[in-house]
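Trainee: I am new to this structure. Please take me closely through the sheet, and then through what lies around it.

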Amino acid sequence: MAGAIDLSALKQPASAGGAGAAGPPGGVEVTEANLEAEVLVRSTQVPVVVLLWSPRSDASVQLGEVLGSLAAADGGKWAFATVNVDTTPRVAQMFGVQAIPTVIAVGAGQPLSSFQGMQPPEQLRGWIDSLLKATAGKLSGPGEDSEQEVDPELAQARAHLEAGDFDAALKAYQAILNARPNDAEAKGAVRQIAFLQRATAHRPDAIAAADAAPDDIEAAFAAADVEILQQNIAAAFDRLIGLFKRTKDDDRTRVRTRLIELFDLFDPADPEVIAGRRKLANALY
């Protein structure tokens, strides 16, 4: 989302290595080309811990070293990925980063937990352990033999994503979902791609426009999408719940449908989703 995050405002001390310093060790470097495969798809197998960092920040580099060591020690129980906000700002915007370093855990294509700033190694160890417990039995696992049994339709859909062709990828995943309604990867991919296509197309001042016309449904929908991109989840939900209370009949149904669609982008156990669903239920009566 152009203008959503002003990365130039992130004032961080330069590391000793300068802007050309090496990235954090051990993590897969995420780009626009491999974001789907290395984060969203990979997270259907094991949790993916994404570090949004900059070589200008000593804390970023130190945090990357600790996370890289923990990932190596855990031997594939979770995946470690890094996003350099200086070289891949659009990916950083997709994650809604507002400060560096930021760490986001992803499972089954959904954000599960996050924090900002350096943390002591023992605290990081506890956070990782909690993440593994929370996802135990819910993901497919590393799957040593998975490479030998690649679904050609899924492979084609992933290829479209890696090529940056979201339209073709969406069609391919939707075709898989039509044939196999319970396919976890296709379900998550369709929701995520459709949302990203819609949300990144909104005007940069969508939130201000909606604030100026609080009863404009389309403006409110656009603003809520942008707020989701910026990780202002509760604000997005509250905006549409407030609109739901002020609408009637077909308009009320439209707003409720969009709210449920946004809820489905996240883990049902996410506290903000639980709170949003509770507020919507209260607004119904």
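Mentor: Start with the sheet in this predicted model. The sheet is open and has five strands. Read across it and the order is β1-β3-β2-β4-β5. The pairing is mixed. Two strands sit at the edges: β1, residues 28–29, and β5, residues 110–116. Each of these pairs on one side only.

Now take the pairs. Strand β2 covers residues 48–53, and strand β3 covers residues 79–84. They run parallel and are joined by six bridges. To find your place there, look for Val49, which has Phe80 of β3 opposite it.

Helix α2, residues 58–74, packs on this sheet. It touches β2, β3, β4 (102–107) and β5. Its direction makes about 165° with that of β2. A second helix, α4 (residues 121–135), lies across β2, β4 and β5. Against β5, α4 runs at about 170°.

Next, the pair β4 and β5. These strands are antiparallel, with six bridges between them. Here Ala105 faces Ser113 of β5 across the pair. In a regular strand, side chains alternate between the two faces of the sheet.

β4 and β5 form a hairpin with two residues between the strands. Ala108 is in that loop. Its phi is positive, about 55°, although Ala108 is not a glycine. Most residues other than glycine have a negative phi, and most peptide bonds are trans. There is an exception of the second kind too. The peptide bond from Ile100 to Pro101 is cis, with omega near -5°. Pro101 belongs to the loop between α3 (89–94) and β4.

Now for the cavities. How many cavities of 30 Å³ or more does a search of the whole structure find? It finds two. The largest has a volume of about 340 Å³. It is lined by 18 residues, and the closest to its centre are Met94, Phe95, Pro111, Gln192 and Gln231. Strands β4 and β5 each supply at least two residues of this lining, as do helices α1 (35–41), α7 (184–199) and α9 (217–229). By class, 14 of the lining residues are nonpolar and four are polar. None is charged.

The second largest cavity holds about 60 Å³ of space. Its lining includes Ala108, along with Gly109, Glu36, Leu40 and Gln192. Two elements, α1 and α7, give two or more residues each to this lining. The largest share, five residues, comes from α7. By class, this lining has five nonpolar, four polar and two charged residues.

Stay with helix α7 for a moment, where you will find Arg198. Leaving out residues up to four places away in sequence, Arg198 touches Asp225, Arg258, Glu261 and Leu262. Val226 is 28 residues from Arg198 in sequence. In space, the two are 9.7 Å apart, C-alpha to C-alpha.

Asp225 and Arg258 also take part in the contact of α9 with α11. Helix α11 covers residues 249–263. The axes of α9 and α11 come within 11 Å and cross at roughly 10°. That angle is why α9 counts as roughly parallel to α11. On the α9 side, the contact is made by Ile217, Glu218, Phe221, Ala224, Asp225 and Ile228. On the α11 side, they meet Asp251, Arg254, Val255, Arg258 and Leu262. By class, this contact has six nonpolar, no polar and five charged residues.

One more helix pair completes the tour. Helix α10 covers residues 233–246, and helix α12 covers residues 271–283. Their axes come within 10 Å and cross at roughly 10°. So α10 and α12 are roughly parallel to each other. Among the contact residues of α10 are Ile233, Phe237, Ile241 and Phe244. Those of α12 include Val273, Gly276 and Leu280. The residues of this contact divide into eight nonpolar, one polar and four charged.

Definitions and conventions:
Residues are numbered from 1 along each chain as its sequence is written. This is a predicted model: local features need pLDDT of at least 70, side-chain atom pairs count only at pLDDT 80 or more; totals for chains, interfaces and linings use all residues. Side-chain values use heavy atoms; hydrogens and water are left out. Two strands pair if DSSP finds at least two bridges between them. Helices (H or I, at least four residues) and strands (E, at least two) are DSSP runs, numbered from the N terminus. Contact means heavy atoms within 4.5 Å. Axes are lines fitted to C-alpha atoms, for helices over the stretch in contact, and angles run from 0 to 180 degrees between N-to-C directions. On a 1 Å grid over the protein atoms alone, a cavity is a set of points where a 1.4 Å probe fits but cannot get out, and a pocket is an open set with protein on both sides within 12 Å along at least five of seven lines; lining residues have an atom within 4 Å of a point. Grid points are joined across faces, edges and corners, and a volume is the space filled by probe spheres set on the points. Ala, Val, Leu, Ile, Met, Phe, Trp, Tyr, Cys and Pro count as nonpolar, Asp, Glu, Lys and Arg as charged, and the others, Gly among them, as polar. Angles under 35 degrees count as roughly parallel, over 145 as roughly antiparallel, 65 to 115 as roughly perpendicular and the rest as oblique.
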